Amino acid sequence: DLILRGEDVTKEYQTGTQTVRALKGIDFGIAPSDFVAIVGPSGSGKSTLLNLLGLLDVPTDGAVSLRGQDVSTFSDADRTRKRKRAIGFVFQSFYLIPTLTALENVEMPRMLDKTPVKTRERAKTLLRRVGLGDRLDHYPDELSGGQKQRVAIARSLINDPALLLADEPTGNLDRDTGDEILALFDELRAEEDVAIVTVTHDAYVAEEADRVVNLVDGVIEDAGETAADGGHGA
Ligand code: ADP
Ligand code: ADP
């Protein structure tokens, strides 16, 4: 029942005459409600892996599959469509639109939606879900860092994704606020079966993960349990 599987995934970049092998034949699997932390030094391939998991890019070699379908077989338009359906994104710097209220920010990914009333209800439900039922009409400026990240998380869930990719989600938050975001992640996993994959430099975040993928120079270092060993779903 894997949402995403990677088999012998290699990613190379060409810059002029140089080839950089950013990922060197790694395996991974993401199951519903997994919580996986990707850690590793700068340049080890974390962003590259996150881009592949987010269907923003395809591997040079090996295969990434979304629910059993090899993403390399999708057209670009198809890949974009499937990404929007299956995957939500959260970032260190929130990326909220300052001129929109919390509610409007959450609705944003569905701006061209044909059922705006349903979207509005869903957005309100999500903001209540993340503890911001009393902040619907507040602008990002009027919210704390933790509240902004909650809005961003609510926005990432508007299309009911199976997977949430969080790039340094606690990077701009103090420890207590970061712990609140982690608690929210736990609720989302338990109650909505959302799988969460995070790139993090915060040790306390990695400690909460079911599995830690430790990337070193494009390979996964064995740290006991890894994303490749089938320990998902536990
Ligand atoms: P991290 O996120 O761990 O810092 P990255 O995935 O960004 O690592 O980078 C892994 C390696 O791939 C690095 O050597 C980086 O310079 C290289 N790289 C990443 N993206 C590109 C790109 N678009 N073009 C060329 N090289 C890249
Ligand atoms: P982070 O601190 O989040 O790991 P990086 O600087 O590693 O940020 O990468 C941010 C983005 O920049 C990556 O997604 C990658 O596509 C791009 N990038 C990283 N290294 C290079 C590079 N050497 N050349 C071109 N693009 C790169």
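Two strands count as paired here if DSSP finds at least two bridges between them. With that in hand, let's walk through this predicted model.

**Stop 1: colour by confidence.** The chain has a mean pLDDT of 94, and 95% of its residues reach 70 or more. Now select residues 226-234, where the pLDDT is below 50. Beyond near neighbours in sequence, that stretch still has 21 contacts in the model. For the scores of the model, note ipTM 0.73 and pTM 0.86.

**Stop 2: the six-stranded sheet.** Show the strands as a cartoon and follow the order β6-β7-β8-β3-β9-β10, an open sheet with mixed pairing. At its edges you will find β6 and β10 (219-221), each pairing on one side only. Ignoring direction, neighbouring strands here are turned by 25 degrees against each other on average.

Next, zoom in on β3 (residues 35-39) and β8 (residues 195-199), which run parallel and are joined by four bridges. Which residue of β8 is the bridge partner of V36? Click on V197 to see it.

Now add the helices around this sheet. Helix α5 (residues 145-156) packs on the sheet and touches β6 and β7, with a direction at about 165 degrees to that of β6. Helix α6 (residues 175-192) lies across β3, β7 and β8, and runs at about 135 degrees to β3.

**Stop 3: helix α2.** Select residues 76-86 and show the side chains. Which residues of α2 are buried? They are R79, R83 and A86. These three cover an arc of only 85 degrees around the axis, so they sit on the same side of α2. Rotate to the other side of α2, and R81, K84 and R85 are exposed. Back on the buried side, the packing partners are β4 (61-66), β6 (87-91) and β7 (163-167).

**Stop 4: the four-stranded sheet.** Since β4 is already in view, move on to its own sheet. This open sheet has four strands in the order β2-β1-β4-β5, paired antiparallel. The edges are β2 (18-30) and β5 (69-70); each has a single partner strand, so one side of each is left without a neighbour in the sheet.

Look closely at β4 and β5, which run antiparallel and are joined by two bridges. Select S65 and you can find its bridge partner in β5, D70. To finish, bring up helix α1 (residues 46-53), which packs on this sheet and touches β1 (4-15), β2 and β4. The direction of α1 makes about 55 degrees with that of β2.

Key:
Residues are numbered from 1 along each chain as its sequence is written. Chains are lettered from A and ligands numbered from 1 in the order in which they are written. This is a predicted model: local features need pLDDT of at least 70, side-chain atom pairs count only at pLDDT 80 or more; totals for chains, interfaces and linings use all residues. Side-chain values use heavy atoms; hydrogens and water are left out. Buried means under 20% relative accessible area, exposed over 50%, partly exposed in between (1.4 Å probe, protein chains only). The arc is that of the directions from the helix axis to the C-beta atoms. Contact means heavy atoms within 4.5 Å. Axes are lines fitted to C-alpha atoms, for helices over the stretch in contact, and angles run from 0 to 180 degrees between N-to-C directions. pLDDT is the predictor's confidence in each residue, from 0 to 100.
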